[in-house]
Amino acid sequence: MKRLTQSMYRALAILAFLIVVPLAACSSVAPAPTPTVPSVSGNLVIYTSRAEALFKPVIGAFSQAYPGITVTVLTGGNGELAAKLLEERANPKADVLINSDTLTMLSLDSQGLFAPNDSRVVNAIPAAFRGDTGTWVALTLRTRVLMYNTDLVQAVDAPTSVFDLADPIWKGQSGSADSRNGALMAHLVAIRQLHGSEGLARFINGLQANETAWYGSHTDVRKAVASGELKLGFVNHYYYQLAKAEGAPVGIIYPDQGADQSGLIINSTNAGIIKNAPNPALAKLFIDFMLSEDGQRIYAEQNFEYPIVPGIKLADGVPPLTRFKLANVTLKSMWQDLEATKAEAQSIGLP
């Protein structure tokens, strides 16, 4: 697996800066105008692995902008939807896939599941976060963090690294999504790239030995931490923000920021038009909407995510990525390490 060069790493840092700092003087990075063609009509079928609470606001805004378009949404796990798309390949039923797993998206793209998209809005996204011909495009970025219950853990005692989850002090007190979760698998790929197979084994064995509670989703993890069932949870950053907005007693750790630590790992949510989709024009319109100012603002304000389009204000309490040390890994080619990581994780016994 080829890693980022120093110049590429600097480029990623610059990208992170652009994501969160408006550059009003530079028209080339201004958010795309929100499309407004309410007379358009038809049926749009979307497959998504995103939780309903995180995706419903965008659908609502799109339907308000385009009342003539009937939107049907089918939800499922990343792997489940990938298998369904492959099964339907000869006769696609869906127009768009919206997923929360960069690795699955890249794998499906390599198998020719997505159609090229020449949208200028898509082409304006940095090349590191889209397919070369627009077959997929990132919609938002997420950071991998630890959240804790502040009634049970003092900030001074909170862990500073994901590897601290193996510390016996947290035995039986932490939780994570299991191997069915794309964000967790992407994190494991990153650990393997950064620390090798030995580091991956040490991490997974540590979680197992510490009796980590395994859940089917991050939503379950955040609820367990918020209720005090667990002290710690391994999640994406916006789950902490959602719990906090609900009034839960939670704190957040942006891990691995020390000089001898590997840095914060980021991932992305993504969209792609299904090849030979029934309604490709509507699919293209929907992706443009999600990358428009209105679409990106919804993801930022209501979901607490990092917009992929520059110039969009972050939600209150969400720190800019420039504040953090970022891990030296590349999302665009990580999927090449996925199968080897899965095999090693399964051999160790990851649920």
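Two strands pair if DSSP finds at least two bridges between them. Strands (E, at least two residues) and helices (H or I, at least four) are DSSP runs, numbered from the N terminus. With these terms in hand, welcome to the structure.

This is a predicted model, in which local features need pLDDT of at least 70 and side-chain atom pairs count only at pLDDT 80 or more, while totals for chains, interfaces and linings use all residues. Residues are numbered from 1 along each chain as its sequence is written, and side-chain values use heavy atoms, with hydrogens and water left out.

**Strand β3 and its partners**

Let us start with β3, residues 96-99. In a regular strand, side chains alternate between the two faces of the sheet. V96 and I98 point one way from β3, L97 and N99 the other way, and all are buried; buried means under 20% relative accessible area, with a 1.4 Å probe and protein chains only. Strand β1 (residues 42-48) runs parallel to β3, joined by three bridges, and here T48 stands opposite I98. On β9, β3 has an antiparallel partner, with four bridges between them; N99 faces N270 there.

**Strand β4 and its partners**

Strand β4 covers residues 137-149, and 13 of its 13 residues are buried. The table shows its antiparallel pairings.

| Partner of β4 | Bridges | Residues opposite each other |
|---|---|---|
| β9 (residues 266-273) | six | T140 and T269 |
| β10 (residues 306-307) | two | L141 and Y306 |
| β7 (residues 232-236) | five | R144 and N236 |
| β8 (residues 250-253) | four | Y148 and G251 |

Strand β9 thus appears twice in this tour: it pairs with β4 and also with β3.

**Helices α6 and α11**

Now to the helices. Helix α6 (residues 182-209) packs against helix α11 (residues 338-348) at an angle of about 35°, with axes 10 Å apart. Axes are lines fitted to C-alpha atoms over the stretch in contact, and angles run from 0 to 180 degrees between N-to-C directions. Among the residues that meet are M185, L188 and R192 in α6, and L338, K342 and I348 in α11; contact means heavy atoms within 4.5 Å. By class, this contact has ten nonpolar, three polar and three charged residues.

**The nonpolar core**

Which residues touch the most other members of the largest nonpolar core? They are F286, M290 and L291, in a core of 105 residues. Helix α6 gives the most to this core, with eleven residues. A nonpolar core is a set of buried Ala, Val, Leu, Ile, Met, Phe, Trp, Tyr and Cys residues joined through side-chain atoms within 4.5 Å.

Methods: Ala, Val, Leu, Ile, Met, Phe, Trp, Tyr, Cys and Pro count as nonpolar, Asp, Glu, Lys and Arg as charged, and the others, Gly among them, as polar. Buried means under 20% relative accessible area, exposed over 50%, partly exposed in between (1.4 Å probe, protein chains only).
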